[in-house]
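User: I'm new to this one and would like a close look at a single part. Could you walk me through one strand and whatever surrounds it?

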Amino acid sequence: MGLGSNLSNPVKQINQAVVTLGSLPKTSVITCSKLYGSAPQGPQDQPDFVNAVCQLTTELLPLALLSALQGIELAQGRVKKRHWGERLIDLDILLFDDVTLSLPELTIPHIEISNRDFVLIPLFEIAPDLIVPNQGSLRNLIAQLKTTYLHPLSLFTV
Ligand code: ROI
């Protein structure tokens, strides 16, 4: 899954979310990427994001996991400000084993996965040989990114 934040101490928001994810019923966090700083996709008049991805194991079904993630977002105080705008915490299901799903409330793989350097590059760190259902190898998706605006965060802050 993907994590992103660009408000109210993003590093703290992401760390908090990871801790809470690990406390969901029948769910554990297996591994997480580094934190990355990334330029916003969408309106440019907002702060840079902090992004990371984590691998979970869970017995929750996709829609139950989605509602658990939405619960965490709300508990951390997320309020929607504008489309593709700044956010306190964003938790996205990116992939779910080799499931493909297309529902109004949830698309797996994540609908924007192939356009997002801030998802693909952290994913490569934890799963370099990943195949994205219907979209081929992660390696190839990364090769097709036009530009990337990502830097490992530890080089700059913390
Ligand atoms: N841009 C970046 N860099 N990182 C995000 O997590 C992110 N999330 C979003 C939008 C607003 C589309 N842009 C983003 O939801």
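**A walk around strand S4**

Analyst: Let's start just beside the strand, with Ser-33, which is buried because its relative accessible area is 9%, under the 20% cut-off. Keep in mind that this is a predicted model.

Ser-33 sits in the loop that runs between strand S2 (27-32) and strand S3. Setting aside neighbours within four places in sequence, Ser-33 touches Ala-52 and Val-53, along with Pro-122, Glu-125 and Ile-126. Strand S4 covers residues 49-58, and helix H3 covers residues 117-126.

Now for the disulfide. There's one in the count, and it ties Cys-32 to Cys-54, with 2.2 Å from S to S. The link between Cys-32 and Cys-54 is right-handed, with 100 degrees about the S-S bond. It bridges distant parts of the chain, since Cys-32 belongs to strand S2 and Cys-54 to strand S4, 22 residues apart. The two ends sit in unlike surroundings: Cys-54 counts as buried because its relative accessibility is 3%, under 20%, whereas Cys-32 is partly exposed, at 30%.

Next, look at helix H3. Its buried residues are Asp-117, Phe-118, Val-119, Leu-120, Pro-122 and Leu-123. Those buried residues pack against S4, and also against strand S3 (36-38), helix H4 (138-143) and strand S10 (150-152). Pro-122 is one of the buried residues of H3, and Pro-122 is also among the contacts of Ser-33.

S4 also has a hand in two pockets. The largest pocket has a volume of about 800 Å³. It is lined by 36 residues, and the closest to its centre are Arg-87, Asp-90, Asp-92, His-110 and Arg-116. S4 is the top contributor to that lining, with four residues. At least two residues each come from S4, strand S1 (2-5), helix H2 (62-75), strand S5 (90-92) and H3. By class, the lining of the largest pocket splits into 17 nonpolar, 10 polar and nine charged residues.

Then there's the second largest pocket, with about 500 Å³ of space. Of its 20 lining residues, Gln-55, Leu-56, Leu-95, Phe-96 and Asp-97 are the closest to the centre. The elements giving two or more residues here are S4 and H3, and S4 has the largest share, six residues. The lining of the second largest pocket comes to 15 nonpolar, three polar and two charged residues.

Note on methods:
Residues numbered from 1 in each chain as written. Predicted model: local features only at pLDDT ≥ 70, side-chain atom pairs only at ≥ 80, totals over all residues. Heavy atoms only, no water. Buried < 20%, exposed > 50% of the residue type's maximum accessible area, 1.4 Å probe, protein only. Contact = heavy atoms within 4.5 Å. 1 Å grid on protein atoms, 1.4 Å probe; cavity = no way out; pocket = protein on both sides within 12 Å on 5 of 7 lines; lining within 4 Å. Points joined across faces, edges and corners; volume = space filled by probe spheres on them. Nonpolar A, V, L, I, M, F, W, Y, C, P; charged D, E, K, R; others polar. Disulfide = S-S within 2.5 Å.
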